[in-house]
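Reader: Please go through the labels used for this structure and set each one against its cut-off.

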Amino acid sequence: MPDRLNNVMTWVKVCHLTDILPLGARTIPARKGEIAVFRCGDDSVFAVLNRCPHKQGPLSEGIVHGHRVACPLHSWVIDLETGEAVAPDIGCTPKIPTKVEDGVVFLGVDDA
Amino acid sequence: MVPLMLPTSRERLVVVGNGMAGMRTVEELLKLDHARYKITVFGAEPHPNYDRIMLSSVLAGEKQVDDIVINPRAWYDDNGIVLRADDPVVAIDAKARTVTSRSGLTVSYDRLLIATGSRPIVPPIPGLNLPGVCAFRDIADVDTMISAAETYKRAVVIGGGLLGLEAAWGLKRRGMEVAVVHLMPTLMERQLDEAAGKLLQRDLTERGIAFFTDGQTEEVTGTDRVTGIKLADGREAPADLVVVAIGIRPDIALARAAGLEVNRGIVVGDNLATSDPDIFAVGECAEHRGAVVGLVAPIWDMAKVCAHRLAGGEDMIYAAQATATRLKITGIDVYSAGQLAAGEDEDEIVLRDARRRAYRKLVLRDGKVVGTVLYGDVTDGAWYFDLIRRKTDISDIADRMILGQSATTGGNGPAEVDIASMPDDMQICGCNGVCKGTIVDTIKAKGLDNYDAVKAHTKASASCGSCAPLVRQLLAATLGIEVSASPIPTACKCTDHTHEDVRAQIVKQKLKTQDAVRKAMAWKTVDGCASCRPALNFYLLCAWPGEYQDDSRSRFINERAHANIQKDGTYSVIPRMWGGTATAGELAAIANVARKYDVKEIKITGGQRLGIYGIKKPDLPAVWSELTDAGLVSGHAYAKGLRTVKTCVGLEWCRFGTQDSTSLGKQLERLTWGNWTPHKFKMGVSGCPRNCAEASIKDFGVVCVESGFDLLVGGNGGIELRGTDKLCHVATEAEVLEYCAAFMQLYREEARYLDRTAPWIERVGIAYVRSRIVDDAAGRKALHAKFLHAQSFLQDDPWAQRANQGIDATEFKPLAALV
């Protein structure tokens, strides 16, 4: 798999899968704002900007279930596959590409 | 197929009255013949047709007006019915076959249906025209009562019958001080015998309603607005709202003026026609064979027969049936049917169970049941009622039937109704006359798989709702799934099981992990959701102390981080200050932390301790470490568990103090800290009845008096203000501690997750809690022991674990920054 896609995104190693508890999350400080990295029950990993579209609640502190997380402030549910709020709420938080290879978690980081 | 007919060729049916009886008749008629009539409905109220029985639930705040609408306006439109709401008929001309409405509209009819219902009886006393006086009959009355409850404090309800008591309870729920004036010596004397009436009065008195029995109201006082009432014997009660609910009387004015035969009601035959064969009458306004009706079941029977006749049928006749009554006051169960007391040649069987505060009576004649009165436990009401209706010969079971159906016929448990052994023609829904067979057949024929659909298709439980548990049980039994006995909310959308089911199965099947529960109970999701995971975590923790490993991923952030998240994403740190006291060293440690971590605010909280606000999450372990060094432990200000024990200074300092309330508060806090409960749990200990520690709005409160301690439970100063119920009086501090632990354990074991003690007690009743904690000494001691056992695992300071022992370290550390 190429490490570079169209010269705009780089895969950056951020941690081992085991650094995140199952159904848990870790945060990563970043220039554009804190990123939340989630490990779901099936060991799939997702990352979104750590800001609920509702009142900017830290999604990393929410309860992870399926491929979703419930915001700790007002219980909005965000679909981690898309970053979209689950109906009836409407909103979206930016999603960051992820991949897991040999137990290592990578984030796709914008070069621009 | 509905035959296509021009509107002009259809007969004209005019309905006078847009209430339950009239519209039910129209519904039944449309089912039989959709096209026969062009229908016009006149109604006095500006609303579509609604369920009048449910007005008490609207008043009590359990339902909204929209929830009780039976047929919305769209229904009228869809069925081509012209609705003239807010435009009552003022005259019927039976000769010209026309009616004229208040707005001046005159409409001709071929058939006329009168369903004008009843009017409240107005006693001949002065003052009833004052603002602040109303009846309890329609939505406008309920609006008046609700807005009065928002502004005013004291209400008097005249009338201690079914309607009056439901009004009183609704107003009490809305925060008013309520007194009930009743002409007779006991309440609801038309539905209850004296013993049950007294029990009811006692339970309602405990819920804070005052009673003036044997009270004849002589005058309603006031000049610009009502100020109170005066009784004939000189007693007086102040009031800002007076509700007159002494009874109802058939509304027959129109019929009488039209020359129809009337007596107490509009006289109808078995075919429900009046003295004019083209004019019919149904509902409370009709008098059939000398009797008028006020309950919904016979009215639905009338509607069916009348619709049949209007559709051209000639064989169906109306015959009065025995009826049953149920009171709709949350947590108070009363049921009666048939004859209330034995006459000559009749026997009574009475069972009084003081411990459970239950009472039941059967009236027997010639080996048959002819009446029953149940108080407290009414699960067998439907069975007894069925025996009455069927006139079953009960000679063989007469000696044990008072114990209930399962004890008599050998069912499973005392509270379970045996659905499988019910005959198909056993009536499940008394209001709508729906039998078991009809419900089961409809579920099968239409492939129904949920309660709401069954209700919509069969109408079972669609009126007063008290049979909803049976309907749910039938649905479950028909579909062959786990039986769920009550209209209790399911644990969450991941399951169809109720909280109670889940808790029972955890113990019964020895389920010790969340995965085991989800698998054994067929959860719809793999790892649950944000609602059920914390609930399961608590249920397992409670059921298997020391065995179940608390799952931090199933805790809300505050409980996982042992601090409260604030709206800016920082946290507050609140150490425990036992009984609201502190040492100089503890204060210094708090001051040091505040300075070192540049906290934004220190505040004295409502629970008598200091809160440190604005700590960043990664700093939490270091902050805790410093506080722990000074001997401070977590205050669990974030927990669904023991929060604070508020105390006054008591005997040590106060000139009114009767006991050492501060010391007792500390002892209670030492006993209970670290405990997890279904929701947060607050205590208060006041040294005298002046109650400076506000013990009467706590989950567990103690008010010290000279002779000992009054124990109070179930208070809440939050969203819905609720004063405590008195549990009992005890003499020693040791007893206070034992009762407190036992009460907390009962709450832990039996309440639903996220139930505070207040709604839990509202549901189960203080009588039940007393029966477990006060009356049953052995049971109390067992609960106390279980509480202590759980505490042996739970009293481990979470701050120390995280500050010094490295537990949950990844929780607080971010990963390395992206460059």
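Author: The turns below take up the interface, one helix and several loop residues.
This is a predicted model, in which local features need pLDDT of at least 70, side-chain atom pairs count only at pLDDT 80 or more, and totals for chains, interfaces and linings use all residues. Residues are numbered from 1 along each chain as its sequence is written, chains are lettered from A and ligands numbered from 1 in the order in which they are written, and side-chain values use heavy atoms, with hydrogens and water left out.

Reader: What makes K617(B) and E61(A) a salt bridge?
Author: A salt bridge is a side-chain nitrogen of Lys or Arg within 4 Å of a carboxyl oxygen of Asp or Glu. The closest N and O atoms of K617(B) and E61(A) are 2.6 Å apart, so the pair qualifies. The count between chain A and chain B is two salt bridges.

Reader: Which parts of chain A supply the side that touches chain B?
Author: β2 (9–16), β3 (24–28), β6 and β11 (104–110) of chain A each supply at least two residues; strands are DSSP runs of E with at least two residues, helices are runs of H or I with at least four, and both are numbered from the N terminus. β3(A) gives the most, with five residues. By type, that side of chain A divides into 19 nonpolar, seven polar and four charged residues. Here Ala, Val, Leu, Ile, Met, Phe, Trp, Tyr, Cys and Pro count as nonpolar, Asp, Glu, Lys and Arg as charged, and the others, Gly among them, as polar.

Reader: How many residues does the contact take from each chain?
Author: It takes 30 residues from chain A and 26 residues from chain B, where contact means heavy atoms within 4.5 Å. The two chains bury about 2100 Å² between them, 63% of it on carbon and sulfur atoms. R26(A), E61(A) and I63(A) supply 32% of the area that chain A buries against chain B, more than any other three residues. Buried area is the accessible area (1.4 Å probe) that two parts lose on being put together, summed over both.

Reader: Why is α16(B) called largely enclosed?
Author: Buried means under 20% relative accessible area, exposed over 50%, and partly exposed in between (1.4 Å probe, protein chains only). Of the 12 residues of α16(B), 11 are buried, so the helix is largely enclosed by the rest of the structure. What covers its buried residues includes β6 (63–65) of chain A together with α14 (499–508), α15 (514–520) and α21 (733–750) of chain B.

Reader: What makes the span of α16(B) close to the expected one?
Author: The expected span is 1.5 Å times one less than the number of residues. Helix α16 (residues 532–543) of chain B reaches 16 Å from its first C-alpha to its last, close to the 16 Å expected.

Reader: Is H562(B) called buried or exposed, and why?
Author: Its relative accessible area is 6%, under the 20% limit, so H562(B) is buried. H562(B) is found in the loop between α17 (557–561) and β31 (564–565) of chain B. Its phi is near 55°, a positive value in a residue other than glycine. Most residues other than glycine have a negative phi.

Reader: Why is D86(B) called partly exposed?
Author: The relative accessible area of D86(B) is 41%, which falls between 20% and 50%, so the label is partly exposed. D86(B) lies in the loop between β5 (82–84) and β6 (89–93) of chain B.

Reader: What joins the side chains of S44(A) and D42(A)?
Author: A polar contact of 2.5 Å joins them. The term needs a pair of N or O atoms within 3.5 Å; within protein, one must be able to donate a hydrogen and the other to accept it, and residues adjacent in sequence count only if both atoms are side-chain atoms.
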